[in-house]
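Welcome, and thanks for taking a look. Please open the model beside this report, and let us walk through some of its local features together.

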Amino acid sequence: IKSKFDQSIAQLAHAPEERFDLIRSWLSAFTAQEQSTRYQRYLEETAALLFAGNFQPARVIQASLEREIRDMKGDHPLVRQGVYQLQYHDFVQKMRHFERHTVPLFVQYGQLKKKLATQYREQLQLESFRPRVLSSFVRNQLIDQVYLPLIGDNLAKQIGTAGENTRTDRMGMLLLISPPGYGKTTLMEYIANRLGLIFMKINGPSIGHQVTALDPAEAPNAAARQELDKLSLALEMGDNIMLYLDDIQHLNPEFLQKFISLCDAQRKIEGVYKGKTRTYDLRGKKVAVVMAGNPYTESGEKFQIPDMLANRADTYNLGDIIGDNDQSFKLSYIENALTSNPILNRLSGKAHKDILALIRLAETGREEDLELESNIPAEELNEYVSVLKKLLVIRDVVLKVNQAYIRSAAQQDAYRTEPPFQLQGSYRNMNKLAEKVAPIMNEGELRTLILSHYENEAQTLTSGAEANLLKFKQLCGYAQPEDARRWEEILQMFRQQKLLNADRLGQMVQQMGAFTEGLSGIRQVLEAGIKGSSKK
């Protein structure tokens with residue numbers, strides 16, 4: 001065998017790679033005859049020595065390739081009774097395989113996982129579900145003393161309270177009604193942030209009046225489908241959710257009825273997720289249902305919420321004075337406008353007690369009662385007071401507009417004696433005016449600023465612009481004699497048109513009555529003819 005081995009090796013003297021492979025094949029066949037894997041770990045080393053053709057004992061390092069390691073802890077298959085048999089060649093071979101195959105696959109897995117997570121995050125729009133409180137948000141006295149207790153009582157019914165005495169029969173809904181710009185969404189986003197809830201805002205105008213089902217597949221357009229997908233995802237999450245339906249005046253009452261069962265103690269709702277119908281049982285879960293809307297729709301008519309849904313809701317108007325808290329309500333206009341004015345914005349870093357003290361000073365003018373925690377120079381103090389006095393004038397105007405808007409929104413069309421008033425006196429209007437106020441403004445300039453603002457606001461009302469602007473001037477005492485005459489003309493024409501429409505309705509009713517009488521006469525003639533035929 002040795003001669004045959006030497007002969008076959010000699011034939012490949014000119015091809016070293018093939019010669020090494022042949023030597024290794026001979027050795028593999030030899031070790032296979034021994035029926036033991038013991039010699040396999042030395043195969044590469046032996047092949048290298050035979051390939052070199054010279055064995056020098058002086059160059060050989062005597063070392064043990066096996067070692068028994070004791071006192072090992074763990075349940076690894078290779079550790080038996082605390083003993084691990086270390087085989088150097090096996091260990092190196094496993095390490096090489098780990099470096100060349102396992103590590104690259106793990107790196108690829110991490111990259112693919114990150115890529116898919118990014119794709120799904122963008123697809124599901126997860127960042128939009130995280131409540132983000134506006135940097136200009138002001139937690140004023142009205143929020144602390146009025147809104148938070150009211151909203152807190154409702155949320156306690158819906159998501160429960162901490163402790164052993166928490167309710168298990170969670171139910172109800174929170175309905176916030178006010179004109180735009182009173183911070184309904186901002187307030188609820190702040191509360192969701194404080195409570196650690198996922199803020200799932202569903203945009204009513206994107207869904208529209210046409211949608212009556214929760215199935216995204218039935219949505220008429222991509223925008224509506226996206227909002228319904230968000231709604232389905234919220235229900236699929238099923239816990240730690242604030243479901244916020246915004247601008248519900250744009251939604252179909254039949255669509256809103258789908259949430260009636262969610263507001264009962266059963267807390268169940270039928271939904272569709274990824275094309276499959278599901279029944280979501282949210283009993284005992286932290287799920288709050290909040291709806292918000294404006295008393296007027298885009299057509300100027302009051303929206304209607306299903307009675308069974310309204311009966312289950314706690315309804316609050318953020319644009320109205322609540323109970324005996326009118327002072328806090330009025331003060332909130334000033335507090336919310338502080339960050340909008342470049343002069344008063346510097347007060348945001350002062351103690352809140354100082355802000356209230358400066359507002360009282362602007363209202364009363366009594367400097368002897370002024371007590372401040374902060375050290376404010378006299379010149380800076382005069383600037384603050386001057387601006388605050390002007391904001392108080394603006395606030396009174398905006399409050400009048402707000403109350404006129406709400407009174408008009410609450411009126412039924414049949415009882416109106418003047419055109420609907422649709423100009424608004426919200427926080428948004430107050431902030432827009434506040435940002436343009438300067439300490440050096442005189443009374444005339446301030447009046448021009450207010451008039452210019454509401455002239456611009458009235459222009460968006462198209463056909464109702466003139467009547468609304470004239471009504472605004474009447475409310476605030478800005479009307480000139482020609483404005484008063486024109487307003488009386490509009491009132492007279494409005495009442496005449498209303499009487500004319502009523503007369504037309506009366507004429508139609510009269511014609512319908514005559515038509516009904518005619519049908520009765522025809523019926524009598526036919527009955528008489530039928531009786532005569534039967535006698536014959």
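Right after helix 5 comes Gly-160, with a positive phi near 85°. This is a predicted model, so please read every value here as computed from predicted coordinates.

Helix 5 itself covers residues 141-159, which makes 19 residues. From its first C-alpha to its last it reaches 25 Å, close to the 27 Å expected at 1.5 Å a residue. Where does helix 5 bend? The bend is at Tyr-147 and amounts to about 40°; a proline, Pro-149, follows within four residues. Tyr-147 is also one of the buried residues of helix 5. The others on that list are Leu-142, Ile-143, Val-146, Ile-151, Asn-154, Leu-155, Gln-158 and Ile-159. As background, residues three or four places apart in an α-helix point the same way, because there are 3.6 residues a turn.

Next along the chain in this tour is strand 4, residues 173-177. Is strand 4 mostly covered or mostly open? It is mostly covered, with five of its five residues buried. Met-173, Leu-175 and Ile-177 point one way, while Leu-174 and Leu-176 point the other way. That fits the general pattern, in which side chains of a regular strand alternate between the two faces of the sheet.

Strand 4 has pairing partners in strand 9 (residues 287-293) and strand 10 (residues 313-317). Here they are, together with a pair from earlier in the chain:

| Strands | Sense | Bridges | Residues standing opposite |
|---|---|---|---|
| Strand 4 and strand 10 | parallel | five | Leu-176 and Tyr-316 |
| Strand 4 and strand 9 | parallel | four | Ile-177 and Gly-293 |
| Strand 2 and strand 3 | antiparallel | two | Val-79 and Tyr-84 |

The last row belongs to an open sheet of three strands, ordered 1-3-2 with antiparallel pairing. Its edge strands are strand 1 (66-69) and strand 2 (79-80), each pairing on one side only. Strand 3 spans residues 83-87.

Helix 4 then covers residues 88-124 and contains Phe-91. Why does Phe-91 count as partly exposed? Its relative accessibility is 39%, which lies between the 20% limit for buried and the 50% limit for exposed. Phe-91 also helps to make a nonpolar surface patch of about 670 Å². Its partners in that patch are Met-95, Phe-98, Val-103, Phe-106, Val-107 and Tyr-109.

Methods. Residues are numbered from 1 along each chain as its sequence is written. This is a predicted model: local features need pLDDT of at least 70, side-chain atom pairs count only at pLDDT 80 or more; totals for chains, interfaces and linings use all residues. Side-chain values use heavy atoms; hydrogens and water are left out. Patches are made of residues with over 30% relative accessible area and no salt bridge: like charges are joined within 9 Å, nonpolar side chains (Val, Leu, Ile, Met, Phe, Trp, Tyr) within 5 Å. Accessible areas come from the Shrake-Rupley method with a 1.4 Å probe; for residues, only the protein chains shown count as cover. A salt bridge is a side-chain nitrogen of Lys or Arg within 4 Å of a carboxyl oxygen of Asp or Glu. Buried means under 20% relative accessible area, exposed over 50%, partly exposed in between (1.4 Å probe, protein chains only). Two strands pair if DSSP finds at least two bridges between them. The expected span of a helix is 1.5 Å times one less than its number of residues. The bend at a residue is the angle between axes fitted to the seven residues ending there and the seven starting there.
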